[in-house]
Amino acid sequence: MPGVVDRHRGEERFRRLGLAAIAISMSFLAFFLVSIIGTGYGAFIQTAIKIDVDLTYQEVGLEETFTPEDLAGVSYRSAVRSAMRTLIPEDLGRRESRALYGLIGAGAEFELRDIVLAQPELVGTITSFWLTASDDVDLYNKSGLTEASAQQTRLTDKQIEWYSALKTDDRIVKRFNWTFLTGSDSRDPEVAGVWGAMVGSFFALGVCLLLSCFVGVLTAVYLEEFAARNRWTQFLEININNLAAVPSITFGLLGLAIFLGFFGLPRSASLVGGMVLALMTLPTVIISSRVALQAVAPSIREAAFGIGASRVQTVFHHVVPLALPGILTGIIIGMARALGETAPLLMIGMVAFIADPPTNLTQPASALPVQVYLWADSPERAFAEKTAGAILVLLVFLLMMNLFAVILRRKFEK
Amino acid sequence: MVERLIRAILFSCSAVAIFITIGIIASLIFEALRFFQSVSVFEFLFGTEWSPQTALRADQVGASGRFGAVPLFVGTALISTVALCVSAPLGIFSAIYLSEYASDTLRSYVKPLLEILAGIPTVVYGFFAAIVIAPALSNLGASIGLEVAYESALAAGLVMGVMIIPLISSISDDIITAVPDSLREGSRGLGATKSETIRRVVLPAALPGIAGGILLAISRAVGETMIVVMAAGLSANLTFNPLEAVTTVTVQIVVLLTGDQEFDSSKTLAAFALGLALFCITMVLNVIGSQIVKKYREQYD
C-alpha cells in the first residue's frame, strides 16, 4: 500500500482526469462552433459592384411607348456588359472583355431586369445600380486582399488590377446577402440560397408532424391508459424501444422499398420524405409521451372515475391535457431530430439539384441538411462558405426548437 | 360504443409500430433474397473483394461485379473502433466527474452543453470532418513524415467519437448515480480515499452497465451514415490501418442507391443485403446493450 502522501496526490490526479475529459469535450464543441461560424458568416455577406447602366431608348432598343412585354424582352445582359466596359477606359480584346464580365455575378442581368421591371420609369435614363459581384471577386473582397488569397481565387492579375481600380473608385461594397435566404440552389455560388431547401424541409416536417403526432400520441395513450399488461404490450414496448435505436438509414431503405417501390409514390417528393421521417421520429414521440402521461398523478384519474367519468372521458378530458406540455416537448425534440436528419432522405432520392422551391407535396424537393450535403460535395471554393452558412441556418432553427422545448418544460415543472 | 370505437382506434395506432418493424424486416429480407439469388450468401459474408461497378459488356473483366462485403465490415469496425477510443474514455471520465465531483451548478451547465453535441445534425459533423479535421490530420501527418490519406478512417472516427461522447456519458452517469451511497460510505468508512472508492468500489459495481452503454454506442457508430459518407472513402480497401481510406457498410448503401435507379440491378439489391446485415448487427447490439443498461440502472432499487 503506497503512503498517505502518494495516495492523496493520486486523488488530485484522478479528479483532474475527469475535469480534463469534460474540458476536452467542451473545447471540441467550442472549436466546432467557432470554425462553423467563422466559415459560415461570409455566406451572409456579399460583394456588390456599382455600375452605371445606360437605359436610354436607343441603347435598349425600345420605343417611347413600350409595353411590359417589350421591357421584359430587353437584353439586360448586353446592358450590363456595356456598363462594365464603360468602367474600364482601355480598349479590350475578346478574351479580356470576357475576363472583365467575369467580375460581375452570373445573376446580375436578372437582378437588373427585376429592378427595371419594377420601376419602368428608369428607362430613358443612365442610372447607377449595385449588382452582385462574381463569387471569385466576392471571395477576394472578403478575404483580406492578400497575395495568398488572390492565388486561392481564380482571378487573373488583370482582374485584380480592375478590382483595385473599382475599389478606389468606391464602386465595391459589402452588403447583406438577402439572396442567400431568398434564393434556391444554383450552380453559381453567388446566386445560390437556402430558401428552396427550407421550403422542402418545411413540407417534409409538416407531413412528419401530422403523422408522428397523431399515431405517436395515441399509441402512448393506449399503452399507458388502456392496454392491459400482457405479452402483446410487452412485445410492443420492446419493439418501440428497438425502433428508436435502428440506424436512420434503414428507414430510408424501408421508404425506398415500400413507399417508392411498392406504392409507387413519386421520388424526391417531400411527402415521402415526411413519411420516412415520421417513421423515424415515431418511437421518440411515443417514448416521451408515455413519460409525460406517467407523470400525471393517479389521483387525477381516481377523482375523474369517482365522479362517474368513463375511461375515455378521464383520459381525454383530464389526463392528456395535463400531460400536454410534456408531450409537446417530446414532439418538438422529435421534430428537431427529423429536421437534422439526412441519410433516409438520400435513400428516397431527395438529393437532386432542385432550382425552384416546391409548391406542393409531390414535387421534387430538397431539404436543408441535404442542401448542406450537396454543397459540401461541390468543388467550387465559394460553396464551402455557403455550406457553412446553410449549417448556421439549420443550427439556428434547431436552437429555436430546442429553446422552445426548454421553455415549455420549465413552465411545466412549475 | 364510443368507448369501444376509440379503443379500437388507439389499438390500431399502436399496431403501426409493429407494422414499421415488419415493413423494415420484410423489405430488407425480400430484396436481400433476390440479391442472394445471383450472389451466394457465402461470397457476400466472407468474400474479400468489393467492386459493385458492373462492366458495360458481359465479356469485360469484372462483368458481374464482386460482392464480398468483408472490406466493408472491416472498414466499419475500424472507424467504430477509432470512435470508441475517443468517446469511451472522454465519456466515462466526464460521467465520473459529473456524478462524483461536480457541483450542482457545474452539472447544470455542462450537461446541456454535452447534449448539444448529441443534437448537432450528423451532416454537420460530416462537413466538419471533411473540411476541417481531414486536411488538418493530413498536414499533421505530412509534417511528421506519415502518410495520412485525405479520407482516412482516423478523421471520420475522431469526429464520430465526439458525436458519441454524450451518449456514453449520459448512460454512464445514470449508472454511476444508481450505485447506492451505502457502498461509497462503507468504502470511505474503511479509510479509502474518494478516488480509491470510485476506482475500487463504484466503478466495478457500475462496469457491466457502462459496458452495456458502450454496446449501444457501438451500434450508433456502426449505423452512422452522414459522417462516413462525407469523410470516409468510397473504394473498398481491406486494411486495419486507421491512416488509410476505408469504406463502410452505410457508405456503400448510399453509393449504391444514389447513383442509377434501376431497381432490379444487383447493385441496388446489394444495398438491401447490406442494409439487412446492418439491421441485424445493430439490432443484436441494441437488444443486449439495452437489457444490460436497464438491469444495472435498476439493480439497487
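This is a short guided tour of a predicted model, with a suggestion at each stop for what to select in your viewer.

**Stop 1: the whole complex**

Start with everything on display. The predictor gives this complex an ipTM of 0.89 and a pTM of 0.89. If you colour chain B by confidence, bear in mind that its pLDDT averages 87, with 93% of its residues scoring at least 70.

**Stop 2: chain B by itself**

Now hide chain A and look at chain B. You should find eleven helices and two strands. Follow the chain along its sequence and the order reads α-α-β-β-α-α-α-α-α-α-α-α-α. In other words, two helices come before the two strands, and the remaining helices follow them.

Turn the chain around to get a feel for its dimensions: its C-alpha atoms fill a box of roughly 80 × 75 × 30 Å along the principal axes. Chain B has 301 residues, and 50% of them count as buried. Its contacts also reach across the sequence: of those between residues at least 6 apart, 74% join residues at least 24 apart.

**Stop 3: B:Asp174**

Stay with chain B and select helix α6, residues 153-178; B:Asp174 sits within this helix. Is B:Asp174 buried, exposed or partly exposed? It counts as partly exposed because it has 18 C-beta neighbours inside 10 Å, and a residue needs 20 or more to be buried. Next, add B:Gly209 to your selection. The two residues are 35 positions apart along the chain, and their C-alpha atoms are separated by 9.4 Å.

**Stop 4: where the chains touch**

Bring chain A back. Here 65 residues of chain A are in contact with 67 residues of chain B. Which element of chain A gives the most to this side? Select helix α1, residues 4-40 of chain A: this helix supplies 18 residues, the most of any contribution. Colour the side of chain A that touches chain B by residue type and you will find 44 nonpolar, 17 polar and four charged residues.

**Stop 5: a pair of helices in chain A**

Select α15 (residues 298-306) and α16 (residues 311-340) of chain A. Their axes come within 10 Å and cross at roughly 155°. That angle makes α15(A) roughly antiparallel to α16(A), because angles over 145 degrees count that way. The crossing of the two helices is right-handed.

Show the side chains where they meet. From α15(A), pick A:Ile300, A:Arg301, A:Ala304 and A:Phe305; from α16(A), pick A:Thr314, A:His318, A:Val319 and A:Leu322. The residues of this contact divide into five nonpolar, two polar and one charged.

**Stop 6: two residues with positive phi**

Finish in the loops of chain A. Begin with A:Asp170, in the loop between α9 (157-168) and β3 (172-176). Its phi is near 60°, a positive value in a residue other than glycine. A:Asp170 counts as exposed because it has 8 C-beta neighbours inside 10 Å.

Then move to A:Ser268, in the loop between α13 (248-262) and α14 (270-294). A:Ser268 also has a positive phi, of about 60°, although it is not a glycine. Is A:Ser268 buried or exposed? A:Ser268 is buried, with 22 other C-beta atoms within 10 Å.

Notes
Residues are numbered from 1 along each chain as its sequence is written. Chains are lettered from A and ligands numbered from 1 in the order in which they are written. Helices (H or I, at least four residues) and strands (E, at least two) are DSSP runs, numbered from the N terminus. A residue is buried if 20 or more other C-beta atoms lie within 10 Å of its own, exposed if 12 or fewer, and partly exposed in between; C-beta atoms are placed from the backbone. Two residues are in contact if their C-beta atoms, placed from the backbone, lie within 7 Å. Axes are lines fitted to C-alpha atoms, for helices over the stretch in contact, and angles run from 0 to 180 degrees between N-to-C directions. Angles under 35 degrees count as roughly parallel, over 145 as roughly antiparallel, 65 to 115 as roughly perpendicular and the rest as oblique. A crossing is left-handed if the near helix is turned anticlockwise from the far one by less than a right angle, and right-handed if clockwise. Ala, Val, Leu, Ile, Met, Phe, Trp, Tyr, Cys and Pro count as nonpolar, Asp, Glu, Lys and Arg as charged, and the others, Gly among them, as polar. pLDDT is the predictor's confidence in each residue, from 0 to 100.
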